[in-house]
Amino acid sequence: MEYFKSLPVEIALEILTGLPIESVLGCKLVSKTWRNLVLHPSFSKMHFHHHLLNPDSDSGKLSFLAMTRSEIGNNENFQYFEYNQDNESTPIESIRRINLISPFIDTRIVGSCNGLICLASGGTSLKVRPHCICNPITKEYVLLPEIRINCNISQYIVSMSGFGYVSSTNEYKVVGMFMLKKTHLLEVHIYTLGSGFGWRNIGNFDCHINNCSWQHRQGIFANGALCWLKLKNDISEIIAFDLSQEIFCENLLTPPSPPESYSLGNRIGVLDGVFFFAICSVIQGVVSYDVWLLKKKNGNHDMKDQGEEHQSFIWSREFEIYDIELLAITKSDGVLCLWDNYLNFYDLKAATSKWLVDLKKLVVQVLPHKNTLVSLKELGEEGTKTMESIEAMISH
């Protein structure tokens, strides 16, 4: 300890920024010196960039945030867990329950980026849904102002939203979209955290969405773009919105579906940073998914570089699976999945499944999430508040 005190501040900060977030929180309790270092204005940025540029620093751990709902009172709870790929006997060592009180009824997680999560009201009767950004670790949160749409809300059919990050400018953006009844145009609003501009209406866009249905109201953030899946005449198509340029890319056609496919069950998501499309099929009452990854010939997966008719992109069929919710592909040729309230491991080589842990509650959503110290105040959000309480309980 005495030796550590004699180190220059720059070196001490460099050492502490290499620690995982749980260890950093523990350092605050060791001494006043360590607490001051962790609270140093540069620490959160240094810690974030260290782990962003060194993804292997977490020793092969995959981390997730789950939102569960109790049967009594319909209350949401948030749980954080890690999957240790280097510990096959007990890959999920603990589950941390976070007492995060959502400001909304029937909450939905819009997205998670670099430790920040975006929440929204999931009520079907609300077309203009309120949003909240929070960091469960720092206890910071901010309620975003109401989106001011151009017309009466009755002139809109449905609203959708998404949350993503532009690395080139270090900007976090929330996108709200509203489909007009008569024209079937999408009115798009964008909120950039810390900009001070509030919601910006960037105009109406024709994305050829007339007479279609939306299978997900929350956009999937993948490689710089927010993606939504729509269905028209039993044909699935993907709409992608580039966050950096704030424009829509050309609609992306999905892989060919077999005759026995059930298009309403198709899914989109991200596995190991790569966008995927899962084709749902029902054969003799058995539901399965063909999982395709969207790969680019030159190895760059940015949606905005697709070019005409996506000639540089290739859909690659990777595997068939019978579980519902795909979370990650592991180093041991397996897939971490969710089945009801069970976390499940599917062995691709043996085509067998095994249950890992029971979350013991109705699981509403699970998505990749990495705890960080990213600060809403440092991003420039003046309306940032602190949660009254947040509690972490370890359970096995």
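Tutor: Two strands pair if DSSP finds at least two bridges between them. Strands are DSSP runs of E, at least two residues long; helices are runs of H or I, at least four; both are numbered from the N terminus. The model here is predicted: local features need pLDDT of at least 70, side-chain atom pairs count only at pLDDT 80 or more, and totals for chains, interfaces and linings use all residues. Residues are numbered from 1 along each chain as its sequence is written, and side-chain values use heavy atoms, without hydrogens and water.

Student: How do you know that β22 and β23 pair?

Tutor: Count the bridges. Four of them join β22 to β23. The rule asks for at least two, so these strands pair. They run antiparallel. One of the partners is Leu 338 in β23, opposite Glu 325.

Student: How many bridges join β23 to β24?

Tutor: Six, between residues 334-339 of β23 and residues 342-347 of β24. This pair is antiparallel as well. In β24, Phe 345 is the bridge partner of Leu 336, and Tyr 346 is the partner of Val 335.

Student: What lies between these strands?

Tutor: Hairpin turns. The hairpin of β22 and β23 has four residues between the strands, and Asp 333 there takes a positive phi near 55°. The hairpin of β23 and β24 has two residues between them, with Asp 340 at a positive phi of about 55°.

Student: What makes β22 an edge strand?

Tutor: Look at the order. The open sheet runs β22-β23-β24-β25, with antiparallel pairing. β22 (325-329) and β25 (352-358) each pair on one side only. The twist averages 25° from one strand to the next; the axes behind it are lines fitted to C-alpha atoms, for helices over the stretch in contact, with angles from 0 to 180 degrees between N-to-C directions.

Student: What makes β23 mostly covered?

Tutor: Five of its six residues are buried. Buried means under 20% relative accessible area; exposed is over 50%, and partly exposed lies in between (1.4 Å probe, protein chains only). Across the chain, buried residues make up 50% of the 396 residues.

Student: Which strands form the other open sheet, and where are its edges?

Tutor: The order is β18-β19-β20-β21, again antiparallel. Its edges are β18 (267-271) and β21 (313-321). β18 and β19 (274-283) share five bridges. The rule asks for at least two, so they pair. Ile 268 stands opposite Phe 277 in β19.

Student: Why is a space called a cavity?

Tutor: Because a 1.4 Å probe fits at its points, on a 1 Å grid over the protein atoms alone, but cannot get out. The structure holds one cavity of 30 Å³ or more. The largest has about 40 Å³ of space, where volume is the space filled by probe spheres set on points joined across faces, edges and corners.

Student: Which residues line the largest cavity?

Tutor: Those with an atom within 4 Å of a point count. Among them are Arg 129, Ile 147 and Gly 176. β8 (156-166) and β9 (171-180) each supply at least two.

Student: How do the residues of the lining divide?

Tutor: Into four nonpolar, four polar and one charged. Nonpolar covers Ala, Val, Leu, Ile, Met, Phe, Trp, Tyr, Cys and Pro; charged covers Asp, Glu, Lys and Arg; the others, Gly among them, are polar. So Arg 129 is charged, and Gly 176 is polar.

Notes: 1 Å grid on protein atoms, 1.4 Å probe; cavity = no way out; pocket = protein on both sides within 12 Å on 5 of 7 lines; lining within 4 Å.
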